[in-house]
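Colleague: I am new to this structure and would like a close look at a single part of it. Could you take the surroundings of the ligand and walk me outward from there?

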Amino acid sequence: MRDSENAISIANLTKFYGRTQALDNISFTVKRGDFLAFLGPNGAGKTTTINIITGLSNYQSGTVKVFGHDVTKDYRNARRLIGLCTQDFNFDPFLNIFQLLVYQAGYFGIHSEDAKQRAREILKRFQLWDKAEVRYRALSGGMKKRLLLCRALIHEPEILILDEPTAGCDLELKFLIWDHLAQLNKEGKTIFLTTHYMEEAERLTKTIGIIDHGRMMCLGPKEEVLRNKSLQDVFMEITGIE
Ligand SMILES: Nc1ncnc2c1ncn2[C@@H]1O[C@H](COP(=O)(O)OP(=O)(O)OP(=O)(O)O)[C@@H](O)[C@H]1O
Ligand SMILES: [Mg+2]
């Protein structure tokens, strides 16, 4: 397989924060068009992995590539292929949500008129167009979650990475986000999400990867991973459900 068929390739990645080892020689690949749930208990190394893939964090050894672009040596090309949905609402409080998206597009070199056109389209798609001129604080929790998706998608990335996209959501909002993600994957986006909800992984994804104490426990087709009895203890630790 050509490397560019792999949306994300990670080889022998090790990361320390001071003396704390967050990642211990992890290796895995995510294929183009896949929908991966990256599961693991608190402190397992999920956000650290996302931060490295998106260039927000450095690492001590290993290689990380996005469609063949090294995230360190070829940062710009790697980063433009990724849309990141952070766990927190880290929006500029002084911009209205239309401006927010236009500015975000600007970071990826998209010209103002194109950026405005895309912002209009994406706000309409996620039913936020009537809120275009308000600041994000005036949105409901569910609207803010949808705005995170809009911001991640504004530069039309190939890969969508989401850090616990439904944490703290009520059922209705969870279903709404799941529908959007299923649709985006159907349209060809590669999706990588972290979650503590087994139901989310079971319903939505094609592939499950499990990380624990900075080590990859497994990665494979969903059905195979869920059948693997030796992982039951890890599932319990992740979800708290026996
Ligand atoms: N900025 C940091 N400085 C020092 N240590 C950190 C930092 N960020 C994470 N760590 C440590 O690295 C390890 C992995 O943390 P990480 O945030 O990647 O876990 P996680 O799997 O995302 O957990 P959670 O499910 O709680 O979000 C933990 O031991 C954590 O304490
Ligand atoms: Mg995390």
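Modeller: What follows starts at the ligand and moves outward to the neighbouring helix, strands and aromatic rings.

Please keep in mind throughout that this is a predicted model. Around ligand 1 there are 13 residues, of which Asn42, Gly43, Lys46, Thr47 and Thr48 come nearest. By character, the residues of this shell divide into four nonpolar, seven polar and two charged. Helix H1 gives the largest share of the shell, three residues, and strand E2, residues 20-31, is another element that supplies at least two.

Several polar contacts can be followed atom by atom. An oxygen atom of ligand 1 lies 2.7 Å from an N or O atom in the side chain of Lys46, while a polar backbone atom of Ala44 is 3.1 Å from an oxygen atom of the ligand. The side chain of His196 also takes part, with an N or O atom that is 3.1 Å from an oxygen atom of ligand 1. Taken alone, ligand 1 exposes 640 Å², and the protein buries 60% of that area.

Turning to H1 itself, which covers residues 46-53, six of its eight residues are buried, so the helix is largely enclosed by the rest of the structure. Those buried residues are Lys46, Thr48, Thr49, Ile50, Ile52 and Ile53, and Lys46 and Thr48 are also among the residues that come nearest to the ligand. After H1 comes Gly55, which has a positive phi, near 75 degrees.

The other contributor, E2, belongs to an open sheet of four strands in the order E2-E1-E4-E5, with antiparallel pairing. E2 and E5 (69-70) stand at the edges with a single partner strand each, so one side of each has no neighbour in the sheet. At the E5 end, strand E4 (residues 61-66) pairs with E5 in the antiparallel sense over two bridges, and Lys65 has Asp70 as its bridge partner in E5.

Strand E3, residues 35-39, is the next element to consider. Five of its five residues are buried, so E3 too is largely enclosed by the rest of the structure. Both of its faces are covered, with Phe35, Ala37 and Leu39 buried on one side and Leu36 and Phe38 buried on the other. E3 runs parallel to strand E8 (residues 190-195), to which five bridges join it, and Leu39 has Thr195 as its bridge partner there. E3 also pairs in the parallel sense with strand E9 (residues 207-212), over four bridges, and in that pairing Leu36 stands opposite Thr207.

The link between E3 and E8 also has a side-chain component, one of seven aromatic pairs in the structure. Phe38 and Phe192 form a tilted pair, 5.2 Å centre to centre with 55 degrees between the planes. Phe38 lies in E3 and Phe192 in E8, so the pair ties together parts that are 154 residues apart in sequence. Phe38 counts as buried at 0% relative accessibility, and Phe192 is likewise buried, with a relative accessible area of 0%. Together with Phe28, these two residues form one aromatic cluster.

Notes. Residues numbered from 1 in each chain as written. Chains lettered and ligands numbered in written order. Predicted model: local features only at pLDDT ≥ 70, side-chain atom pairs only at ≥ 80, totals over all residues. Heavy atoms only, no water. Buried < 20%, exposed > 50% of the residue type's maximum accessible area, 1.4 Å probe, protein only. Near = heavy atom within 4 Å. Polar contact = N/O pair within 3.5 Å; in protein donor to acceptor, adjacent residues only side chain to side chain. Areas by Shrake-Rupley, 256 points an atom, 1.4 Å probe, with all protein chains shown as cover. Nonpolar A, V, L, I, M, F, W, Y, C, P; charged D, E, K, R; others polar. Pairing = 2+ DSSP bridges. Phe/Tyr/Trp six-rings, centres within 6.5 Å; stacked < 30°, edge-to-face > 60°.
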